[in-house]
Amino acid sequence: MNKRTVKNRIKKLVKVLFFTLPAMIPMAVFWIYPILKSGWLSFTDWDYMTPEYNYVGVENYTSVLTNSGFWSAFKTTVLFAIGTIIPIIILGLFVALLLGNELKGKSIYRFLVFSPWVTPTVAISIVWSWIFEPKGGIANQILSSLGLPELQWINSSETALLSVIIVTVWKAVGYSAIFYLTAIDKIPRDRYEAASLDGAGFWKKLFYITLPGVSPTTFFLCIITMVDALKAYDQIQILTQGGPAGSTRTLTYLFYQLGFEQFKMGQASAVAIIIVAITVALSYTQFRLSKRWVNY
């Protein structure tokens, strides 16, 4: 390797570092370092209150994985993910199809649909806590006007998770719809025109043109929604605090309770590392499978 080649490679490396360091430094400080720190804490018995700690090896992971509370939180997380993914995908596509038509004031409707996503989750959750009030809440007023029995919503272990799912779906539908609008716009119009000439109706166009055309977006939204379900915290904290009777305790909320209520920071860090591992696995799956996806 001659000197000119070495100089060229050094120049390229300097250019790469020049453009990537501004992004890498915050990532290293606020993401990579905390993960490494949590990984280290997961092997200790630190109680968060005192500077003393002992190394306990994999004891925290063993305690967490053999604890029924962890698997209960894992089950709740899975139910929460499924309960949010399906409505967000279906309603997002439905809204995108409506807004994709030639409507008067379409930009205003798009803004209204997307506005819940940019509104802080804490503010949304506070408003919905009023809506879910058993006495005088709007939700029960609507049920009563329809002749249906009133529900306890966030005050009952039978409906609390459903309540949190409703809030999460309501907030995320606009986000999903925006992605679907972009995906639908990229589908060649001549496909629809050719289908119309062949006598295809709305449903055939939907199943044979639109759904295959937006399938990469659907897959992407499924992965993103799963990751969001794993890290959901704000709406649970405001609405239910993990209750009643642990019915809305997800893995992220379990991490909070272990670390900042029970002061078992080692076990909390172990839960955090497990969450990170699941998130990485989902992201890797999305990255690998997206390469095989057909872009229409």
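Trp-153 is buried, with a relative accessible area of 8%. In this predicted model, Trp-153 sits in the loop between helix H6 (138-145) and helix H7 (160-186). Its backbone stands out too: phi is positive, about 50 degrees, although Trp-153 is not a glycine. For background, most residues other than glycine have a negative phi, and most peptide bonds are trans.

Phe-263 also has a positive phi, near 55 degrees, without being a glycine. This one belongs to the loop between H12 and helix H13 (265-292). Is Phe-263 buried or partly exposed? At 33% relative accessibility, Phe-263 counts as partly exposed.

There's a peptide bond to look at as well. Gly-243 and Pro-244 are joined by a cis bond, with omega about -10 degrees. Pro-244 lies in the loop between helix H11 (234-239) and helix H12 (251-260).

That loop between H11 and H12 also holds Thr-240. Thr-240 is buried at 8% relative accessible area, and its side chain makes a polar contact of 2.7 Å with the side chain of Thr-248. If you skip residues up to four places away in sequence, Thr-240 touches Ile-154, Ala-160, Val-164, Gln-235 and Thr-248.

Now to another threonine, Thr-210, which is part of helix H9 (residues 202-213). Thr-210 counts as buried, at 4% relative accessibility. Which side chain does the side chain of Thr-210 meet in a polar contact? The partner is the side chain of Tyr-192, at 2.7 Å. Tyr-192 turns up again among the contacts of Thr-210 beyond four places in sequence, along with Leu-97, Ile-184, Ile-187 and Lys-205.

Thr-210 has company on the inside of H9: the buried residues of this helix are Lys-205, Leu-206, Ile-209, Thr-210, Pro-212 and Gly-213. An α-helix has 3.6 residues a turn, so residues three or four places apart point the same way. What covers the buried residues of H9? The cover includes helix H3 (68-100), H7, helix H8 (189-197) and helix H10 (215-230).

Here are the side-chain pairings that come with a distance.

| Pair | Kind | Distance |
|---|---|---|
| Thr-210 and Tyr-192 | polar contact | 2.7 Å |
| Thr-240 and Thr-248 | polar contact | 2.7 Å |
| Lys-231 and Asp-228 | salt bridge | 3.7 Å, N to O |
| Trp-40 and Tyr-53 | aromatic pair, edge-to-face | 5.3 Å, centre to centre |
| Lys-171 and Trp-117 | charge over ring | 5.4 Å, to the ring centre |

On to charges. Side chains of opposite charge can pair when their charged atoms come close. How many salt bridges does a search of the whole structure find? It finds one, between the side chains of Lys-231 and Asp-228. Lys-231 is exposed, with a relative accessible area of 53%, while Asp-228 counts as partly exposed at 27%. Lys-171 has another kind of partner: its charged end sits over the ring of Trp-117, 5.4 Å from the ring centre.

Aromatic rings give you plenty to browse, with a count of 22 aromatic pairs. One of them is Trp-40 with Tyr-53, an edge-to-face pair with 85 degrees between the planes. The pair links distant parts of the chain, with Trp-40 in helix H1 (residues 3-41) and Tyr-53, 13 residues apart from it, in the loop between H1 and helix H2 (59-65). Trp-40 is partly exposed at 29% relative accessibility, and Tyr-53 is partly exposed at 35%. Elsewhere, one aromatic cluster is made of Trp-46, Tyr-48, Tyr-233, Tyr-253, Phe-255, Tyr-256, Phe-260 and Phe-263. So Phe-263 appears twice in this report, given its partly exposed state and its place in that cluster.

Finally, step back to the whole chain. How many helices and strands does the chain have? It has 13 helices and zero strands. The chain has a radius of gyration of 24 Å, whereas a compact globule of 296 residues would have one near 19 Å. Along its principal axes, the C-alpha trace spans about 75 × 75 × 30 Å. Of the 296 residues, 36% count as buried. As for contacts with a separation of 6 or more, 65% of them come from residues 24 or more positions apart.

Technical notes. Residues numbered from 1 in each chain as written. Predicted model: local features only at pLDDT ≥ 70, side-chain atom pairs only at ≥ 80, totals over all residues. Heavy atoms only, no water. Salt bridge = Lys/Arg side-chain N within 4 Å of Asp/Glu carboxyl O. Buried < 20%, exposed > 50% of the residue type's maximum accessible area, 1.4 Å probe, protein only. Helix = DSSP H or I, 4+ residues; strand = E, 2+ residues; numbered from the N terminus. Polar contact = N/O pair within 3.5 Å; in protein donor to acceptor, adjacent residues only side chain to side chain. Contact = heavy atoms within 4.5 Å. Phe/Tyr/Trp six-rings, centres within 6.5 Å; stacked < 30°, edge-to-face > 60°. Lys NZ or Arg CZ within 6 Å of the ring centre and 35° of its normal. Rg over C-alpha atoms; globule rule 2.2 N^0.38 Å.
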